[in-house]
Amino acid sequence: MADTEVPGGATARGDTVVRRPGDRDDHGPLLARDDRGDRDDQDVLDDLDVLDDQDDLDDHDTVVPQPVGREDHDAAVRPAARAEHGTGGRKEHTTVVLRPGDRGETVKLLQQRLHKHGYYYGKLNGVYDEQTKFGVWALQKHRHLRPQGAVGPEVWRAFDRPVRMKPLVPSGEPDRVEINLRYQLLVVYRHRRPALVSHISTGAKVSYCHNGHCGNAITPPGDFHVTSRAPGWTEGPLGTMYDSLYFNGGIAMHGSTKVPLRPASHGCVRVPLSTSKRLYDMIDVGEPVYVREK
């Protein structure tokens, strides 16, 4: 059975779970709530240690998915270069190597450029946090660079170069979602042009049993459409999800705090939390979704 993190076809509107005739109810109760209100992204992030009990499949001995890339660990063995603007003159941003944890105007410039190109939807606050790192990974994958935390000259140059990655489905609808399982990358197209590009984590391609529910952690390739939407946080037997967009039974694109550089989900498409809010705002029921292995 394919991963069904929440019952397939169920939708949540406000505090009410809406089920249609024929909806499966074999996963137990689905709790839904829209915690967004007027809060900003950071408010949502602050709640996640409590709300997100989603288990990474790769925590189990039986899971050995091949990594798509490897996070840069150089910062652990050498000091990170601080990208600050000094009063005596401005450092040229293309020569500064930024790493997670750095702060300053050059980090803010990085965030602004990532946002402009559709890779990042977090705060423009000059703090190289995890959401910024996810945006960097999206850029690096989209430009055929090795995904890592360090941002050096090649990343800055990539902003000004043509995108090398071609559409998965050039003949697809002008407005569509493409999910690249090989590169673990999601691209939203508007008028045949990339409008949002996100690092993702899909099914780990292993068998699992969790809370009495067993299945295969697979994100199947194919042509689909978004069938239902569930705003805010939803909770099911396999974990919690944010702003879910269902496109294949119980398989959805959704926000998560655990989006590693490898396939790690039960079958859903995990999206960084700050990006998932923008994705949810862009996608409506009926949107074409193309999932490919290439």
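Begin by selecting C209, which counts as exposed because its relative accessibility is 57%, and keep in mind throughout the tour that the model on screen is predicted.

**The cysteines**

From C209, extend the selection to C214, since a disulfide joins C209 to C214 with an S to S distance of 2.0 Å. Viewed along the link, the angle about the S-S bond is 110 degrees, and the link of C209 and C214 is right-handed. C214 has a relative accessibility of 39% and therefore counts as partly exposed, given that the partly exposed class lies between 20% and 50%. A search of the whole structure finds 1 disulfide. For a contrast in setting, select C268, which counts as buried because its relative accessibility is 0%.

**The open sheet**

Next, display the strands β6, β5, β4, β14 and β9, which in that order form an open sheet of 5 strands with mixed pairing. The edges of this sheet are β6, residues 193-199, and β9, residues 222-225, each of which pairs on one side only. Neighbouring strands of the sheet are turned against each other by 20 degrees on average, with direction ignored.

Start at the β6 edge and select β5, residues 185-190, which pairs with β6 in the antiparallel sense over 6 bridges. A convenient pair to label here is L185 with H199, its bridge partner in β6. While these two strands are in view, add helix α6, residues 273-282, which packs on the sheet and touches β5 and β6, its direction making about 145 degrees with that of β6.

Then move to β4, residues 176-180, and β14, residues 288-292, which pair in the parallel sense over 4 bridges. Within this pairing, N180 stands opposite R292 in β14. β14 is itself mostly covered, with 4 of its 5 residues buried. At the other edge of the sheet, β9 and β14 pair in the antiparallel sense over 4 bridges, and V289 in β14 is the bridge partner of F224.

**Helix α4**

Return to β5 and β6 and select helix α4, which lies across both strands and runs at about 120 degrees to β6. The helix takes in residues 130-142, and its 13 residues should span 18 Å at 1.5 Å a residue, which agrees with the 18 Å that separates its end C-alpha atoms. How much of α4 is covered? The helix is mostly covered, as 12 of its 13 residues are buried; among the buried residues are F134, V136, W137 and L139, and also K133, K141 and H142. An α-helix has 3.6 residues a turn, so residues three or four places apart point the same way. Just after α4, select H144, where the backbone takes a positive phi of about 60 degrees.

**P260 and its surroundings**

W137 leads on to P260, a residue in the loop between β12, residues 251-256, and β13, residues 269-272. P260 has a relative accessible area of 12% and so is buried. Which residues is P260 in contact with, leaving aside its neighbours within four places in sequence? They are W137, H199, I200, S201 and R270. To see how the chain brings together separate stretches here, draw the C-alpha to C-alpha distance from P260 to S201, which is 6.4 Å although the two residues are 59 residues apart in sequence.

**S276 in helix α6**

Go back to helix α6 and select S276, which lies within it. S276 has a relative accessible area of 2% and is therefore buried. Leaving aside its neighbours within four places in sequence, S276 is in contact with Y242, D243, H254, G255 and V271.

**An aromatic pair**

For the last stop, turn to the aromatic side chains, among which a search of the whole structure finds 4 aromatic pairs. One to display is that of W156 and F159, whose ring centres are 6.2 Å apart and whose planes stand at 50 degrees, so that the pair is tilted. W156 and F159 are both buried.

Technical notes:
Residues numbered from 1 in each chain as written. Predicted model: local features only at pLDDT ≥ 70, side-chain atom pairs only at ≥ 80, totals over all residues. Heavy atoms only, no water. Expected span 1.5 Å × (residues − 1). Buried < 20%, exposed > 50% of the residue type's maximum accessible area, 1.4 Å probe, protein only. Disulfide = S-S within 2.5 Å. Pairing = 2+ DSSP bridges. Axes fitted to C-alpha atoms, helices over the stretch in contact; angles between N-to-C directions. Contact = heavy atoms within 4.5 Å. Phe/Tyr/Trp six-rings, centres within 6.5 Å; stacked < 30°, edge-to-face > 60°.
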